[in-house]
Amino acid sequence: MKEKADKEEKGVYIAKGDESLLNISAREDVYGDPLKWVLLFRFNREAFGKIGIDDTLPQKIVPAETKLKVVYPEDAKSISGPGTHWVVNVLSFREGENIVTDVVRLVENGFAAYITKANIKGQDYIRLRVGFFNEKTEAENEGKKIMALLNTSDFWITKADEGEFKEYG
């Protein structure tokens, strides 16, 4: 009977043993988007020490019966109020580039990383971002820390639109 109660527990997904983070996050009853594997990793870091963290993390099979916390936008407590949508854009790239190592380093160092899509002048891009911040200067300061952590020379600060904020904030 307890097993049934666990499966019905709101905000918990129990891995079946034949799914990866990409598959689970793509499920309509989870996030409906494979790019949101980062959110599953952020909210369940301790569960992934068992399967090993490397560049193949999003594709690795999550062991059966692993309980994953799933936080939906409507259930999350907003970290900031209206009009405070500053983010650090860490990387912007075309699909296919492997950024798992950067994502893992950010998450393991306490940054609220996420991946989103953008279409710029008809070209599709994937963006690795960290957010959300109340003040532009706060985002700039965090950007400098990220730049040092990832040994990169570039980032930019921008205000995310309301849709992005509602989805990831």
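## Getting to know this predicted model

Setting aside neighbours within four places in sequence, Asp-33 makes contact with Ser-25, Ala-26, Glu-167 and Tyr-168. That is a handy place to begin a tour of this structure, which is a predicted model. Asp-33 sits in the loop between α2 and α3. Is Asp-33 buried or exposed? Asp-33 counts as buried because its relative accessible area is 16%, and the cut-off for buried is under 20%. Along the sequence, Asp-33 and Thr-116 are 83 residues apart, while in space their C-alpha atoms are 9.9 Å apart.

### The overall plan

Let us step back to the whole chain. The protein has 6 helices and 6 strands. Read from the N terminus, these elements follow the order α-β-α-α-β-β-α-β-β-α-β-α. The protein has 169 residues, and 43% of them count as buried. If you take the contacts between residues at least 6 apart in sequence, 67% of them join residues at least 24 apart. The exposed surface of the protein is about 9400 Å², with carbon and sulfur atoms supplying 48% of it.

How confident is the prediction? The mean pLDDT of the protein is 87, and 88% of the residues reach 70 or more. Confidence is highest in helix α5, at 97, and lowest in helix α1 (residues 2-8), at a mean of 43. Over residues 1-7 the pLDDT stays under 50, and the model has 5 contacts beyond four places in sequence for this stretch. Where pLDDT is low, predicted coordinates should not be read in detail.

### The sheet and its helices

Now look for the open sheet of 4 strands, whose order is β4-β5-β3-β6 with antiparallel pairing. At the edges are β4 (113-120) and β6 (156-159), each of which pairs on one side only. From one strand to the next, the twist averages 45°.

Strand β3 (residues 86-93) is joined to strand β5 (residues 123-133) by 7 bridges, and the two run antiparallel. Helix α4 (residues 100-108) packs on the sheet, where it touches β3, β4 and β5, and its direction makes about 10° with that of β5. Helix α5 (residues 136-150) also packs on the sheet, touching β3, β5 and β6, with its direction at about 35° to that of β3.

Strand β3 has a second partner too: 4 bridges join β3 to β6, again in an antiparallel arrangement. Strand β3 is mostly covered, as 6 of its 8 residues are buried. The table shows some residues of β3 and β5 or β6 that stand opposite each other.

| Residue | Opposite residue | Strand of the opposite residue |
|---|---|---|
| Leu-91 | Leu-128 | β5 |
| Val-87 | Gly-131 | β5 |
| Val-87 | Thr-158 | β6 |

Gly-131 has another feature to look at: a cis peptide bond joins Gly-131 and Phe-132, with omega about 5°. Phe-132 belongs to strand β5.

### Inside the core

In soluble globular proteins, nonpolar side chains tend to be buried together. Which residues touch the most other members of the largest nonpolar core? In this core of 49 residues, they are Trp-37, Phe-48, Leu-57, Val-88, Leu-106, Ile-115 and Val-130. At least two core residues come from each of α2 (21-26), α3 (37-43), β3, α4, β4, β5, α5 and α6 (162-168).

Val-88 makes a good residue to zoom in on. Not counting residues up to four places away in sequence, Val-88 touches ten labelled neighbours worth finding on screen, among them Leu-128, Val-130, Ala-139, Ile-146, Trp-156 and Ile-157.Helix α5 also holds Glu-142. Glu-142 is buried, with a relative accessible area of 18%. Leaving aside neighbours within four places in sequence, Glu-142 is in contact with Phe-111 and Phe-133.

### Two loop residues to look up

Finally, visit two residues with positive phi. Glu-65, in the loop between α3 and β2 (67-69), has phi near 75°, a positive value in a residue other than glycine. Asn-151 is found in the loop between α5 and β6, and its phi is near 55°, also positive in a residue other than glycine. Is Asn-151 buried or exposed? With a relative accessible area of 72%, Asn-151 is exposed.

Key:
Residues are numbered from 1 along each chain as its sequence is written. This is a predicted model: local features need pLDDT of at least 70, side-chain atom pairs count only at pLDDT 80 or more; totals for chains, interfaces and linings use all residues. Side-chain values use heavy atoms; hydrogens and water are left out. Buried means under 20% relative accessible area, exposed over 50%, partly exposed in between (1.4 Å probe, protein chains only). Contact means heavy atoms within 4.5 Å. Accessible areas come from the Shrake-Rupley method with a 1.4 Å probe; for residues, only the protein chains shown count as cover. Two strands pair if DSSP finds at least two bridges between them. Axes are lines fitted to C-alpha atoms, for helices over the stretch in contact, and angles run from 0 to 180 degrees between N-to-C directions. A nonpolar core is a set of buried Ala, Val, Leu, Ile, Met, Phe, Trp, Tyr and Cys residues joined through side-chain atoms within 4.5 Å. pLDDT is the predictor's confidence in each residue, from 0 to 100.
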